[in-house]
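Visitor: Could you walk me through how the parts of this one fit together? Let's have it on screen while we talk.

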Number of protein chains: 2
Amino acid sequence: MLNFSFHCPTLFAFGDGEEQRTGELVRRFGGTKVLLVYGGGSIFKNGAYDDAAASLNRAGIPFVELGGVQPNPRSGKVYEGIGLCRAEGVDFVLAVGGGSAIDTAKAIAVGTLYEGDFWDFYTHKAADKSLPVGVVLTLSATGSEASPSTVITHENGDLKWGNVKTDVYRPVFAVMNPRYTCSLPPYQTACGAMDMLSHVMERYFTTTDHVDVTDRICEGLMQTILSNALKAMENPDDYNARAELMWCGTLAHNNLCGVGRAQDWASHQMSHELSALYDSAHGATLSVITPAWMQYVLHRDPQRFAQFAVRVFGCQMDFHHPELTAQEGIERLKHWIRAMGLPLTLKEIGALQDDIPAMVAHRMKKPGGFPFGGFAPIHETDMALILELAAR
Amino acid sequence: MLNFSFHCPTLFAFGDGEEQRTGELVRRFGGTKVLLVYGGGSIFKNGAYDDAAASLNRAGIPFVELGGVQPNPRSGKVYEGIGLCRAEGVDFVLAVGGGSAIDTAKAIAVGTLYEGDFWDFYTHKAADKSLPVGVVLTLSATGSEASPSTVITHENGDLKWGNVKTDVYRPVFAVMNPRYTCSLPPYQTACGAMDMLSHVMERYFTTTDHVDVTDRICEGLMQTILSNALKAMENPDDYNARAELMWCGTLAHNNLCGVGRAQDWASHQMSHELSALYDSAHGATLSVITPAWMQYVLHRDPQRFAQFAVRVFGCQMDFHHPELTAQEGIERLKHWIRAMGLPLTLKEIGALQDDIPAMVAHRMKKPGGFPFGGFAPIHETDMALILELAAR
């Protein structure tokens, strides 16, 4: 086990009805005037907007609004929010929605207290202070409600993508009513489940020895996500399945699963390239890339992949040929991806096999470039071969 | 799944060498003068005292000391500590040790800011503020390093035992170097492992439906504790086994395992009675009581006990007779208890079968009295019959 620091001070108020505590929680964490950050219309349909506004009103906390945050949120909304916070004397940022609203709120909260350009924090500067951020979660996927990360795309010229991670970005509270997620379209439910599954897998596939308890927690989360995602697809109003998914989404990415071990993140890196080039949902590019990555790196540690197959999917261990058990685990994962209605091939997300060199070249232009991945270093050729596997 | 609140803001600095951050962490959480609280001589032998003092000195933070805290810590030391804090202008309480030092530090930290008798908080008042408490952990057992609980015994006349639980008592940081625990005597290692196992089991045996992910996390922790405790007994210097146990001890009692579900705690209640009457270690009374409690309540939900047997001990499910599988789980637990060198019968902790009525009567005198237990309500007769089972 490696040394680690873990600090997740977020207060979770979980369950149907807990949204009524929103105003009280804002006050508890020092808020007297709020910027309410949200995306499109879904929070008006599922009631989250009305509930949050009513709770703030009951607590006597005034608020201003910043709506219209897009998926893969852009810097424009961040600048707009920082301006609003300063003009209106806002001291608390409340995100109502999913990862895009939350990541925007985090950037605004840090940027408001900084004299320079907030984008500095997404390139070279470490943030050391922030307005408090609260969350009313309406989507189980990114885990941003308790994570130290925020991802923003900058709009000047070609799109640059900034991903930062430090505990300053952890929200002070997250109100989590699984009921809000019952009205999600099936495809979004599926993409969210794939995203949280991947957050666990990126941590699970490790080169670190002696990681018993985090292995077990990862396996428990994966089993829970796999079974409850199918239940939520079958019956969108299944509160308990939605609740399991919502709590798993948080634990999958607050780093409980990742402490004391090297992590991988190669599938996320490649998925981001695909999402950028083909405007495909993050969960959908993950479902294409992940099994291909597994297939490609399996030989580096067949025993770990066999452990995944046995403990997560209940496969029988072939003690003489662990690589066969490992292979069975990958097939079972693909079967689940299909059952969830998610894509498995490049073609299904509109990517062409002929474009593979362009995808690799696109990645090459990024700072960091190659190699990436903690479990197995992925160089240019490796990425091309993984994408070839995903093309079949 | 039930609604829940979960708030564990403790910062964990985990691993060999992290103790050097102690002074820096005290400063980060606002400490400028420290009360160092500890027990007997073990922290002088394992180096924890010297390391903490050196780190505080390096950070330029002055400290005063309160040593000699006993197991099952008493109110006398708390009053002494409160006096010291006030006289010396202390603004941070640092516990170096295990549960007793930590629980004493928590009581002092709350009591220092209160004009009345700190004991009020252990009887009828809810604490709402506290000096910050930090921990340098040297023993894996109680989980007090991140829990919202503190247990103190009052010394006036007959001993009264106060157990409180509120987030105000969560330490702000815990420095956790598993190396410190390598020098523990085997019996103390065993008792600690039984204590943390029980903290999980008290949460695992529930009447709440749809608790998939917490079930899985509980099972993962139990499996990790069972296997690594045996490794630590076999080879006390096994750093990785010590590390697994130390992190499990924290997660077993910070309530990650207990959110969203009804909990039991009957075995802990009965164990406290035995510890009080026979001055036996908490872990040893738990190892006597727990299998007897399981045997007695098994019929209320054989499927849950069978799940425990299958998932934690790898028993084969007997689908026609789940109660047989359940029974096998209890036998496997007893086998582990024996392998750990822990007692299984009243006689081994010096208790007589003839004293059972006195034990029940002792419990009767407590506020709350009977029934207790969330999984199955335990009345006077039930407690007597459970103790009878433990007498065999």
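Guide: Let's begin with strands. β2(A) pairs with strand β1 (residues 4-6) of chain B in the antiparallel sense, over 3 bridges. Strands here are DSSP runs of E, at least two residues, numbered from the N terminus, as are helices (H or I, at least four); pairing takes at least two DSSP bridges between two strands. This is a predicted model, where local features need pLDDT of at least 70, side-chain atom pairs count only at pLDDT 80 or more, and totals for chains, interfaces and linings use all residues. Residues are numbered from 1 along each chain as its sequence is written, while chains are lettered from A and ligands numbered from 1 in the order written.

Visitor: In β1(B), which residue is the bridge partner of A:Ala13?

Guide: Look along β1(B) for the partner of A:Ala13. There, the bridge partner is B:Ser5.

Visitor: Which element gives the most to the side of chain A that touches chain B?

Guide: In all, 33 residues of chain A are in contact with 33 of chain B, contact being C-beta atoms, placed from the backbone, within 7 Å. β1 (4-6), β2 (11-14), α7 (212-234) and α8 (239-251) of chain A each supply at least two residues of that side. With 10 residues, the top contributor is α7(A).

Visitor: Which residue of chain A comes closest to the rotation axis?

Guide: Chain A lays on chain B with an RMSD of 0.0 Å by a turn of 180° and a shift of 0.0 Å along the axis, superposed by least squares on C-alpha atoms of residues with pLDDT of at least 70 in both. The two copies are thus related as by a two-fold rotation axis. Closest to that axis in chain A, at 1.8 Å (C-alpha), comes A:Pro9.

How values were computed. Two residues are in contact if their C-beta atoms, placed from the backbone, lie within 7 Å.
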